[in-house]
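Work through the exercises below with the sequence and the coordinates at hand. Try each task before reading its solution.

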Amino acid sequence: MTTDTAQQAQHGLTEHSHGAGAPDHGGSAFDTVASFDVADHVVPRGREEEWRFTPMARLRGLHDDAPLDGHDYEVSVDAAAPVVVETVESTDPRRGSSGYVPNDRPSARAWAEADKVLAITIPADAVVEQPTIVRLRGLSAEKAAAGHVVITAERFSQSVVVLEHEGSAAFADNVEIVTHDGARLTLVSLQDWADDAIHLSHHHVSVGRDSVVKHVVVSFGGDLVRTSVTLDYAAPGGDAELLGLYFADAGQHLEKRLFVDHNQPNCRSNVLYKGALQGAKAHAVWIGNVLIRPAAEGISTYELNRNLVLTDGARADSVPNLEIETGEIEGAGHASATGRFDDEQLFYLMARGISADEARRLVVRGFFTELINKIGVPEIAERLTATVERELALGEGLPAASTTH
């Protein structure tokens with residue numbers, strides 16, 4: 001039995017063709033094909049529900065059959081003891097330890113083509129004050145590449161891991177996050193690519209018993225960045241907070257897709273994503289899916305997405321979805337809002353001698369400050385604030401979004 005086939009068997013899947021072995025969600029609308037075999041995932045054409053917002057022509061074949069054998073990137077790691085960072089073979093048993101099975105073609109392709117795995121392990125009972133920083137710098141977008149990262153927080157450990165992406169690249173990757181009993185982990189994925197970069201990424205989080213996970217996605221750069229996050233619970237008592245911040249400029253496509261699978265009792269999840277958009281054809285997409293299974297009694301979940309459209313010509317699509325299969329829960333809800341500048345806020349500031357550009361900056365700073373504070377990583381908070389300021393400077397001189405419809 002191959003490693004991938006063994007993992008399929010472990011998680012209740014079998015080798016199959018076109019969905020025969022997909023996980024059983026009890027007839028959920030969130031059912032997808034799950035398979036390590038690339039051939040089991042049809043090539044998406046943009047008409048599928050999961051791809052209808054994505055500009056397929058800009059993917060450079062990452063979703064189809066473009067080779068993923070490029071290695072035009074550099075990786076550096078800054079980690080304090082006792083964190084263990086290793087580059088291991090793709091056959092290492094830590095790959096797949098989150099229980100994830102690829103649920104779309106780019107993820108399956110990245111799984112098949114990544115020949116090495118970056119494994120980060122926080123030992124049991126370790127309290128690591130310094131964030132572990134992994135920097136991936138792309139050197140060229142000419143040849144596409146695949147990557148795989150596994151982050152394991154062993155029982156009762158406490159740590160922060162930051163994945164930074166910059167430079168030029170065409171990159172597809174999988175990131176697995178596994179927390180064991182009582183662990184506390186914050187994972188920040190910061191995507192500040194060059195303007196020509198394409199990044200298709202899938203993160204899967206497995207939350208252990210009484211574990212606390214904070215998962216953060218921050219997207220500024222890149223031509224097209226699509227990040228999918230799936231999360232489930234390995235045992236009762238898990239607590240997950242999923243946060244996201246994005247700022248789309250002219251022509252950029254930033255897409256965030258989440259699926260929180262409440263499959264254990266007495267767990268919690270909270271989702272908060274905020275984005276700003278400016279410039280012609282700036283496009284942000286947020287899809288938030290939450291499934292509460294029959295076994296997930298006593299859970300609490302809430303998801304919220306807010307978008308601030310700064311100029312005409314920008315577009316935000318926001319779709320929250322909630323499916324409840326048991327009534328024995330503490331609470332569940334979702335909300336989504338997309339709007340322009342509040343004229344009353346701007347008038348209030350400008351009436352006190354503040355220029356129009358500075359008033360806009362103050363409103364956007366306030367919009368993002370709550371989220372930056374929630375991330376709770378001082379080492380990157382200042383950087384995020386500075387990057388938001390940089391983005392706002394790029395938009396100076398652009399006409400503000402009309403408040404009329």
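The exercises that follow concern a predicted model.

**Exercise 1. Overall content**

Task: State how many helices and strands the protein has, and what share of its residues is buried.

Solution: Start with the secondary structure: the protein has five helices and 18 strands. Next take the burial of residues, for which the cut-off is under 20% relative accessible area. Of the 405 residues, 56% are buried. Then turn to the surface: the accessible area is about 16,300 Å², and carbon and sulfur atoms hold 48% of that area. Last, look at the contacts with a separation of 6 or more: 86% of them join residues 24 or more positions apart.

**Exercise 2. The sheet and its edges**

Task: Give the strand order of the nine-stranded open sheet, and explain why β2 and β17 each have one side without a neighbour.

Solution: Trace the strands across the sheet. The order is β2-β3-β5-β7-β9-β11-β13-β15-β17, the sheet is open, and the pairing is mixed. The strands at the edges are β2 (84–89) and β17 (315–324); each has a single partner strand, so one side of each is left without a neighbour in the sheet. On average, neighbouring strands are turned by 10° against each other, direction ignored.

Now take the β2 edge. The partner β3, residues 116–122, pairs with β2 in the antiparallel sense over six bridges. Within β3, K116 stands opposite E89. Finally, find the helix on the sheet: α2 (residues 105–113) packs there and touches β5 (145–153), β7 (170–179) and β9 (198–207). The direction of α2 makes about 85° with that of β7.

**Exercise 3. Strand β15**

Task: Determine which residues of β15 point each way, and whether they are buried or exposed.

Solution: Begin with the rule that side chains in a regular strand alternate between the two faces of the sheet. Apply it to β15, residues 283–292. One way point H283, V285, I287, N289 and L291; the other way point A284, W286, G288, V290 and I292. The residues of both sets are buried, which agrees with the count of ten buried residues out of ten for this strand.

Then check the neighbours. β13 pairs with β15 in the parallel sense over ten bridges, and L254 has A284 as its bridge partner in β15. β17 also pairs with β15 in the parallel sense, over ten bridges. There, E323 of β17 stands opposite L291.

**Exercise 4. A residue in the β2 edge strand**

Task: Classify T87 as buried, partly exposed or exposed, and list what T87 touches beyond four places away in sequence.

Solution: T87 lies in strand β2. The relative accessible area of T87 is 59%, and the cut-off for exposed is over 50%; T87 is therefore exposed. Leaving out residues up to four places away in sequence, T87 touches K116, V117 and L118. A further distance can be read from the backbone: the C-alpha atoms of T87 and V149 are separated by 9.3 Å, with their positions 62 residues apart along the chain.

**Exercise 5. Unusual backbone geometry**

Task: Find where a cis peptide bond occurs, and which residues other than glycine have a positive phi.

Solution: The background is that most residues other than glycine have a negative phi, and most peptide bonds are trans. The cis bond joins A81 and P82, with omega about 10°; P82 sits in the loop between β1 and β2. For phi, R60 is near 55° and N266 is about 60°. R60 belongs to the loop between α1 (3–10) and β1, and with a relative accessible area of 37% R60 is partly exposed. N266 belongs to the loop between β13 (253–262) and β14 (268–277).

**Exercise 6. A nonpolar patch and a helix residue**

Task: Name the residues that make the nonpolar surface patch of about 190 Å², then locate P378.

Solution: The patch is made by V75, V77 and V85. V75 is in strand β1, residues 73–78, and counts as partly exposed at 44% relative accessibility. P378 is in helix α5, residues 378–394, and counts as exposed at 65% relative accessibility. The C-alpha atoms of P378 and P131 are separated by 10.0 Å, although the two residues are 247 residues apart along the chain.

Conventions
Residues are numbered from 1 along each chain as its sequence is written. This is a predicted model: local features need pLDDT of at least 70, side-chain atom pairs count only at pLDDT 80 or more; totals for chains, interfaces and linings use all residues. Side-chain values use heavy atoms; hydrogens and water are left out. Two strands pair if DSSP finds at least two bridges between them. Helices (H or I, at least four residues) and strands (E, at least two) are DSSP runs, numbered from the N terminus. Axes are lines fitted to C-alpha atoms, for helices over the stretch in contact, and angles run from 0 to 180 degrees between N-to-C directions. Contact means heavy atoms within 4.5 Å. Patches are made of residues with over 30% relative accessible area and no salt bridge: like charges are joined within 9 Å, nonpolar side chains (Val, Leu, Ile, Met, Phe, Trp, Tyr) within 5 Å. Accessible areas come from the Shrake-Rupley method with a 1.4 Å probe; for residues, only the protein chains shown count as cover. A salt bridge is a side-chain nitrogen of Lys or Arg within 4 Å of a carboxyl oxygen of Asp or Glu. Buried means under 20% relative accessible area, exposed over 50%, partly exposed in between (1.4 Å probe, protein chains only).
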